[in-house]
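Student: Please take one part of this structure and go through it closely, strand by strand, then show me what surrounds it in the rest of the model.

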Amino acid sequence: MIPGVDGFIYPNEVELQWGLLIVLYPYITGLVAGAFILASLERVFKVQAVRPTYRLALLTALAFLLVAPLPLQLHLGHPERSLEMYFTPHRSSAMAMFGFVYLWYLMVVLLLEIWLEYRADIVHLARTTAGWRRLVYKLLTLGSENVSPEARQIDDKMSYVVTVIGIPSAFLLHGYVGFIFGSIKANPWWSTPLMPIVFLFSAMVSGIAAVLVLYMAFMKVEKMPIDMSCLDTIAKYLFYTFVIDFSLEMLDLLHRTYEADESFHSLDFMVHTRLWGSQVILQICVGTLLPLAILAANQLWRFSELRRKAMYLVASLLTMVGIFAMRWNVVIGGQLFSKSFLGYTTYKVEFAAREGLLSAIGLMALPFIIVVVLVKLLPPWAEGKASEV
Amino acid sequence: MDLSRRDLFKIGGKLLVLASAGATLEEIIGAAPPSQAYRMADHWWGMIIDIDKCIGCGNCVRACSQENHVPAGYFRTWVERYQVEEGKQPQVDSPNGAMDGFPPSKREDLKSFFVPKLCNQCASSPCVQVCPVGATFVSPDGVVLVDETYCLGCRYCIQACPYGCRYLHPEKHTVDKCTLCYHRITKGLTTACCESCPTGARQLVDFKNPKDPVHEFLRNNKVEVLKPYMATQAKVYYKDLDGAVR
């Protein structure tokens with residue numbers, strides 16, 4: 001008997017191939033896509049109420065996007081060869097497109113949109129600061145210092161176009177991550193055409209929740225008042241997207257149960273044993289039903305401001321935990337059962353290894369550090385100053 | 001002989017062009033190529049396995065391990081023992097991949113048989129499809145290989161293989177798998193597993209060779225590949241494969 005193995009598994013299946021870091025990969029890219037889509041609500045769909053979080057959402061998306069390739073890089077057996085994906089991509093591979101989708105999203109969408117949005121502020125800061133900060137802002141202007149109303153109007157139009165391109169790009173970024181899993185026919189836990197859609201909606205859910213939490217945290221730190229109508233609107237959108245996301249996931253579950261194909265018995269047993277804690281308890285009950293109930297209560301009844309803030313914060317944090325659990329259950333769950341459907345293996349997270357818990361904590365902390373730096377560099381709440389230039 | 005600088009460049013240029021086109025020295029100097037040279041286009045390799053002949057001795061697993069320096073705990077080939085009771089899930093075991101054979105069965109009233117497994121050398125291979133850099137590929141003679149100088153170690157191919165035939169080499173950090181003893185078969189030898197099988201349960205076959213016994217075997221027997229619904233065009237054919245086999 002091999003420790004951690006129940007029943008029969010193919011002998012090469014004892015070792016799990018994709019661990020905690022590969023759980024982080026869809027989680028982080030999901031936060032990027034979700035934060036960007038929240039930003040686009042204001043820009044394209046003219047939801048003015050979320051304006052206070054527009055810039056923060058963009059910076060959040062950028063911070064997470066910068067970290068997104070790191071877990072993959074740490075995971076590779078030969079990280080020094082990773083650039084081969086750019087130089088000699090294998091066209092039939094879903095994974096080979098990651099580099100291109102990533103670069104497109106970073107360079108064409110996010111950096112461009114942030115620059116256009118902040119251009120006037122950067123010019124203003126380059127004129128009003130001194131020393132090395134002045135130099136940094138001077139560089140960030142990219143030599144474009146015309147902030148006349150006409151020039152600003154062009155910025156605005158360009159930015160609108162970039163966001164319009166950005167929405168399908170955000171869909172592409174995360175839908176594509178879902179496709180990496182959904183297109184593996186050998187794995188019935190992953191192989192479903194719903195996977196990209198489920199990934200997309202769960203991305204929106206987690207990204208919206210993350211921006212809500214960051215907005216509340218920054219307001220607290222900066223001792224600025226929270227715009228309650230903004231918070232209410234974000235919570236409302238969080239609720240809507242979460243309902244769609246949960247419905248899709250339940251549709252998947254219902255479909256599997258009703259069809260009950262040859263993999264069903266094995267997967268059903270796995271959900272009731274090895275995944276019971278992380279899927280049924282953490283993902284569905286604590287991470288989905290509870291925050292949904294809190295958000296739904298706010299749609300039905302009017303609570304005091306203080307209560308609403310607390311409820312939104314708790315719901316958002318639970319949501320982020322729930323979506324993390326969902327990524328875990330997809331990535332790890334998909335490797336716990338044998339492709340013989342006759343047995344199961346176990347996954348134990350190592351602590352200080354390259355793909356261990358410490359690396360994961362570091363990788364998860366990094367985007368929050370980056371977001372703090374970005375907020376210092378490009379203050380999201382200084383919009384008033386720009387118009388004074 | 002008096003060679004001008006122009007002549008020297010001409011000859012040098014010709015040699016360079018020919019050499020870069022993959023020409024051998026014999027071809028460049030005009031000599032005939034050796035008649036026994038291995039031509040990939042002339043072969044299409046696979047294997048036939050006669051389940052009733054397998055006695056579960058594990059010779060093939062040991063031979064493969066030695067021949068290919070397979071790291072302990074990983075398997076390019078292994079043997080499974082199925083014990084099937086009517087109306088129940090089959091009981092399957094493969095202790096250490098059957099490296100040391102099998103312990104005696106506890107029950108004698110069950111349908112029991114051995115199933116040798118290896119890479120199915122799929123012609124439409126899902127592992128090849130997903131490799132992000134094309135480090136794993138089907139060779140022109142039909143063998144799925146991994147270029148270990150190119151593999152990133154992302155392990156997407158391991159996820160995509162329906163049969164559990166791939167693993168990450170613990171020292172090389174690249175993906176490793178059965179090569180159908182490519183270093184042997186291209187020299188006219190058979191694979192280590194086939195050579196060591198005492199009952200002839202496994203046989204290397206060449207589908208492009210009209211005289212290969214595989215054609216008669218396929219004509220006269222009921223054969224099946226593993227997981228045919230995966231539509232991978234597997235080239236390892238099993239004779240009398242039981243429906244219980246996964």
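**A sheet in chain B, and beyond**

Tutor: Let's start with strand 10 and strand 11 of chain B, which run antiparallel and are joined by two bridges. Strands here are DSSP runs of E with at least two residues, helices are runs of H or I with at least four, and both are numbered from the N terminus. Two strands count as a pair if DSSP finds at least two bridges between them. This is a predicted model, where local features need pLDDT of at least 70, side-chain atom pairs count only at pLDDT 80 or more, and totals for chains, interfaces and linings use all residues. Residues are numbered from 1 along each chain as its sequence is written, while chains are lettered from A and ligands numbered from 1 in the order in which they are written.

In that pairing of strands 10 and 11, V223(B) sits opposite K239(B) of strand 11. Step back and you find four strands in an open sheet of chain B, ordered 9-1-11-10, with mixed pairing. Strand 9 (202-206) and strand 10 are at the edges with a single partner strand each, so one side of each has no neighbour in the sheet.

Now for strand 1 (residues 45-50) of chain B. With strand 9 of chain B, strand 1 pairs in the antiparallel sense over five bridges. With strand 11 of chain B, strand 1 runs parallel, and four bridges join the two. I48(B) is a handy residue to follow here: its opposite number in strand 9 is Q203(B), and in strand 11 it faces Y237(B).

Between strand 10 (223-224) and strand 11 (236-239) of chain B there's a loop, and A231(B) is in it. A231(B) isn't a glycine, yet has a positive phi of about 50 degrees. A231(B) counts as exposed because it has 11 C-beta neighbours inside 10 Å. The cut-offs: a residue is exposed with 12 or fewer other C-beta atoms within 10 Å of its own, buried with 20 or more, and partly exposed in between, with C-beta atoms placed from the backbone.

Another stretch of chain B is worth a look. Strand 2 (residues 77-84) is mostly covered, with six of its eight residues buried. Strand 2 pairs with strand 4 (residues 111-118) in the antiparallel sense, over eight bridges, and there W78(B) stands opposite K117(B). Strand 2 also pairs with strand 3 (residues 91-93), antiparallel over three bridges, with Q83(B) opposite Q91(B). Strands 2 and 3 make a hairpin with six residues between them, and G87(B) in the turn has a positive phi of about 75 degrees.

Over to where the chains meet. The contact takes 30 residues from chain A and 36 residues from chain B; two residues are in contact if their C-beta atoms, placed from the backbone, lie within 7 Å. On the chain A side, the residues divide into 14 nonpolar, 11 polar and five charged. Nonpolar means Ala, Val, Leu, Ile, Met, Phe, Trp, Tyr, Cys or Pro, charged means Asp, Glu, Lys or Arg, and the others, Gly among them, are polar.

Chain A gives you helices to look at. Helix 11 (residues 276-300) spans only 31 Å between its end C-alpha atoms, where a straight helix of 25 residues would span 36 Å at 1.5 Å a residue. Expected span is 1.5 Å times one less than the number of residues. Helix 11 of chain A bends by about 40 degrees at L282(A), the bend being the angle between axes fitted to the seven residues ending there and the seven starting there. L282(A) is one of the buried residues of helix 11, which include Q279(A), G287(A) and P291(A). Those buried residues pack against helix 9 (228-259), helix 10 (264-272), helix 12 (305-331) and helix 13 (333-336) of chain A.

Helix 7 (residues 149-182) of chain A has 34 residues and reaches 48 Å from first C-alpha to last, close to the expected 50 Å. Helix 7 has a kink of about 30 degrees at G166(A), shortly before the proline P168(A).

Finally, confidence. pLDDT is the predictor's confidence in each residue, from 0 to 100; chain A has a mean of 94, and 98% of its residues reach 70 or more. Over residues 384-389 of chain A, pLDDT stays under 50.
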